[in-house]
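Welcome! Here is a short briefing to help you find your way around a structure you have not met before. Take a look at it, then follow the notes below topic by topic.

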Amino acid sequence: PSTLITQTTEYALRAVVYLADQTEPKTTSAIAEKTLVPAGYLSKVMQGLSKAGLVHSQRGLHGGFVLTKSPEELTVLTVVNAVEPIRRIHECPLGLHGKNLCPLHRKLDDAAQAIEATFGDTTIADLNQVPKSRKPMCQFPLARS
């Protein structure tokens, strides 16, 4: 488990990374199977991504979810902010220093800012530019030897 992002955020990223590689809409159960995310939990995550406008759901026989943006223009930060935004420190949480942060809170906010910058500079396409056997957060059939 990651300490930088929540489980919900990781599940959202897994789903988006998986959908970025698909040419047809995928159902929640198909996404859950490939990303190893519990289907009930994933359903709520997909609702959040849909509400944020990052995925679109299609009903019917060939229905399912598709991304609304290309993987090249969709950043990790956009996905993170859609489900659980990174919390920045704009004023002393203890009410002692106002906007003039103490060294501890300044360093914590600097770290959050660095994470935002890294996530903002990383697209979903960047995450998928690896051999299929190393695709992040998704389960693919193993190649037979």
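Of the 145 residues of the protein, 39% count as buried. This is a predicted model, with an accessible surface of about 9,200 Å². Carbon and sulfur atoms account for 53% of that surface.

**The overall plan**

- The protein has six helices and two strands.
- Going along the sequence, you will meet these elements in the pattern α-α-α-β-β-α-α-α.
- Contacts between residues at least 6 apart in sequence include many that span the chain: 63% of them join residues at least 24 apart.

**Helix α1 and its partner α3**

- Helix α1 covers residues 7–20, which makes 14 residues.
- From its first C-alpha to its last, α1 reaches 20 Å, close to the 20 Å expected at 1.5 Å a residue.
- Is α1 enclosed or open? Of its 14 residues, 13 are buried, so α1 is largely enclosed by the rest of the structure.
- Two packed helices are described by the angle between their axes and the distance between the axes.
- For α1 and α3, the axes come within 10 Å and cross at roughly 75°.
- The two helices α1 and α3 are therefore roughly perpendicular to each other.
- On the α1 side, the contact is made by Gln-7, Thr-8, Tyr-11, Ala-12, Ala-15, Val-16 and Leu-19. On the α3 side, Tyr-41, Leu-42, Val-45, Met-46 and Leu-49 take part.
- Sorted by character, the residues of this contact of α1 with α3 are 10 nonpolar, two polar and no charged.

**Helices α4 and α5**

- Helix α4 runs over residues 76–83 and helix α5 over residues 103–120.
- The axes of α4 and α5 come within 6 Å and cross at roughly 120°.
- That angle makes α4 oblique to α5.
- Which residues make the contact between α4 and α5? Val-76, Leu-77 and Val-80 come from α4, while Glu-116, Phe-119 and Gly-120 come from α5.
- The residues of the contact of α4 with α5 divide into four nonpolar, one polar and one charged.
- Asn-81 also has its place in helix α4. At 34% relative accessibility, Asn-81 counts as partly exposed.
- Across 29 residues of chain, the C-alpha atoms of Asn-81 and Ala-52 are separated by 9.2 Å.

**Helix α2 and the loop that follows**

- Thr-28 lies in helix α2, which covers residues 28–35.
- Not counting residues up to four places away in sequence, Thr-28 touches Ala-39, Leu-42, Ser-43 and Phe-65.
- Thr-28 and Leu-42 are 14 residues apart along the chain, and their C-alpha atoms are separated by 6.9 Å.
- Leu-36 is found in the loop between α2 and α3. With 56% relative accessibility, Leu-36 counts as exposed.
- Most residues other than glycine have a negative phi. Leu-36 has a positive phi of about 60° although it is not a glycine.
- Val-37 is found in the loop between α2 and α3. Is Val-37 buried or exposed? Its relative accessible area is 4%, so Val-37 is buried.
- Leaving aside neighbours within four places in sequence, Val-37 is in contact with Tyr-11, Arg-14, Ala-32 and Leu-42.
- From C-alpha to C-alpha, Val-37 and Ala-15 are 8.6 Å apart in space, and 22 residues apart in sequence.

**Two loop residues further along**

- His-97 lies in the loop between α4 and α5. At 37% relative accessibility, His-97 counts as partly exposed.
- Setting aside neighbours within four places in sequence, His-97 is in contact with Cys-92 and Cys-102.
- Thr-123 lies in the loop between α5 and α6, the latter covering 124–128.
- Why does Thr-123 count as buried? Its relative accessibility is 14%, and buried means under 20%.
- Not counting residues up to four places away in sequence, Thr-123 touches Pro-71, Glu-72, Leu-74 and Thr-75.

Definitions and conventions
Residues are numbered from 1 along each chain as its sequence is written. This is a predicted model: local features need pLDDT of at least 70, side-chain atom pairs count only at pLDDT 80 or more; totals for chains, interfaces and linings use all residues. Side-chain values use heavy atoms; hydrogens and water are left out. Axes are lines fitted to C-alpha atoms, for helices over the stretch in contact, and angles run from 0 to 180 degrees between N-to-C directions. Helices (H or I, at least four residues) and strands (E, at least two) are DSSP runs, numbered from the N terminus. Angles under 35 degrees count as roughly parallel, over 145 as roughly antiparallel, 65 to 115 as roughly perpendicular and the rest as oblique. Contact means heavy atoms within 4.5 Å. Ala, Val, Leu, Ile, Met, Phe, Trp, Tyr, Cys and Pro count as nonpolar, Asp, Glu, Lys and Arg as charged, and the others, Gly among them, as polar. The expected span of a helix is 1.5 Å times one less than its number of residues. Buried means under 20% relative accessible area, exposed over 50%, partly exposed in between (1.4 Å probe, protein chains only). Accessible areas come from the Shrake-Rupley method with a 1.4 Å probe; for residues, only the protein chains shown count as cover.
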